[in-house]
Amino acid sequence: MGTESNAQTEESGYTMAVEDISEIVFWRMFNAVYNNEFMFKLSSKFGTYKKCLKTIREFTLSIIEKRRSALIGLDENGENLRKDVDSSGLKRKMALLDILLQTTIDGRPLTNEEIREEVDTFMFAGHDTTASAITFLLYVMAKYPEVQQKVYEEAVSVLGDSIETPITLSALNDLKYLDLVVKESLRMFPPVPYISRSTIKEVELSGCNIPVDTNITVGIYNMHHNPKYFPEPEKFIPERFEAERGVEKQHPYAYVPFSAGSRNCIGQKFAQYEIKSKISKVVRLCRMELIRPGYEPPLKAEMILKPQDELPLKFFPR
């Protein structure tokens with residue numbers, strides 16, 4: 001978004017609000033009483049929900065205002081701050097938020113509220129999900145050292161020993177084995193374990209008639225562990241995603257870590273490249289081991305799949 005939050009080194013009210021509101025939304029999904037809006041407003045969690053929502057909206061709107069000022073070249077004191085080139089003298093690339101700020105619909109620029117909705121989608125849905133995916137990838141590589149070794153050897157052969165070498169899109173596309181490992185990790189530990197859909201017309205599923213305006217929860221985690229589509233589903237087998245095995249062709253909706261259809265994840269390609277770039281760098285820097293061999297983490301299934309407790313990993317410099 002073209003802004004810094006320092007969320008990894010400083011306490012961030014935004015990230016804490018996202019975590020708290022996610023827990024409340026998930027709690028509400030599985031609590032029939034508080035699905036009702038009136039009953040929810042009477043609950044003890046409603047105050048926290050409103051406070052978190054206010055924090056998230058104000059944070060996003062403040063970023064939008066700052067970037068809008070930067071685009072026209074003025075800071076909050078009216079001083080010029082626009083820089084079209086970076087420190088190396090190259091033309092500065094536009095951030096996604098800058099593109100949204102300059103987008104028009106039928107000649108009309110987007111309002112701050114319209115932009116806020118788009119920014120919230122990327123920020124809210126894009127940071128915890130990727131963090132979850134990377135966490136479990138590090139875990140499976142520590143648990144399966146033979147997989148980690150193959151990922152390391154491929155990364156070195158494609159990217160070289162030096163982590164200072166820029167990682168290109170072409171190089172990431174050449175990390176074929178890592179791609180299989182990422183897919184299998186997303187199968188076993190989908191960052192979003194459940195999704196919901198609302199019917200816009202009456203449909204029949206497995207002999208059941210489902211009326212219009214019905215909310216349906218789809219268990220992605222359960223589907224990904226279905227032995228009908230994934231033999232030995234509790235085993236980590238990256239090779240099951242090799243083209244000749246055709247796992248993804250067995251059923252188009254059996255494997256959907258990024259959902260599917262018109263409501264699939266808008267950032268799935270970006271997320272996959274982000275994951276591969278981080279993992280390929282970490283694995284060249286460090287060798288990973290489990291502190292407790294064979295450890296199976298209890299899972300915390302909320303809106304984002306997370307370990308219930310800390311993950312006991314050790315990192316050894318290469």
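This passage describes a strand pair, a helix and an internal cavity in a predicted model.

Strand E7 spans residues 286-290. Its side chains alternate. Cys286, Met288 and Leu290 point to one face and are buried. Arg287 and Glu289 point to the other face and are not buried. In a regular strand, side chains alternate between the two faces of the sheet. E7 pairs with strand E10, residues 313-317. The pairing is antiparallel and runs over five bridges. Within E10, Phe315 is the bridge partner of Met288. Met288 itself is among the buried residues of E7.

Helix H10 covers residues 176-188 and has 13 residues. From its first C-alpha to its last it reaches 19 Å. This is close to the 18 Å expected at 1.5 Å a residue. H10 is mostly covered, with eleven of its 13 residues buried. The buried set includes the nonpolar residues Tyr177, Leu178, Leu180, Val181, Val182, Leu186 and Met188. Charged residues are also buried in H10, namely Lys183, Glu184 and Arg187. Ser185 is buried as well.

One cavity of 30 Å³ or more was counted. The largest cavity holds about 40 Å³ of space. Its lining consists of Val18, Glu19, Ser22, Asp128, Glu302, Met303, Ile304 and Lys306. Helix H1, residues 13-29, gives the most to this lining, with three residues. By class, the lining residues divide into three nonpolar, one polar and four charged. Val18, Met303 and Ile304 are nonpolar. Ser22 is polar. Glu19, Asp128, Glu302 and Lys306 are charged.

Terms used:
Residues numbered from 1 in each chain as written. Predicted model: local features only at pLDDT ≥ 70, side-chain atom pairs only at ≥ 80, totals over all residues. Heavy atoms only, no water. Buried < 20%, exposed > 50% of the residue type's maximum accessible area, 1.4 Å probe, protein only. Helix = DSSP H or I, 4+ residues; strand = E, 2+ residues; numbered from the N terminus. Pairing = 2+ DSSP bridges. 1 Å grid on protein atoms, 1.4 Å probe; cavity = no way out; pocket = protein on both sides within 12 Å on 5 of 7 lines; lining within 4 Å. Points joined across faces, edges and corners; volume = space filled by probe spheres on them. Expected span 1.5 Å × (residues − 1).
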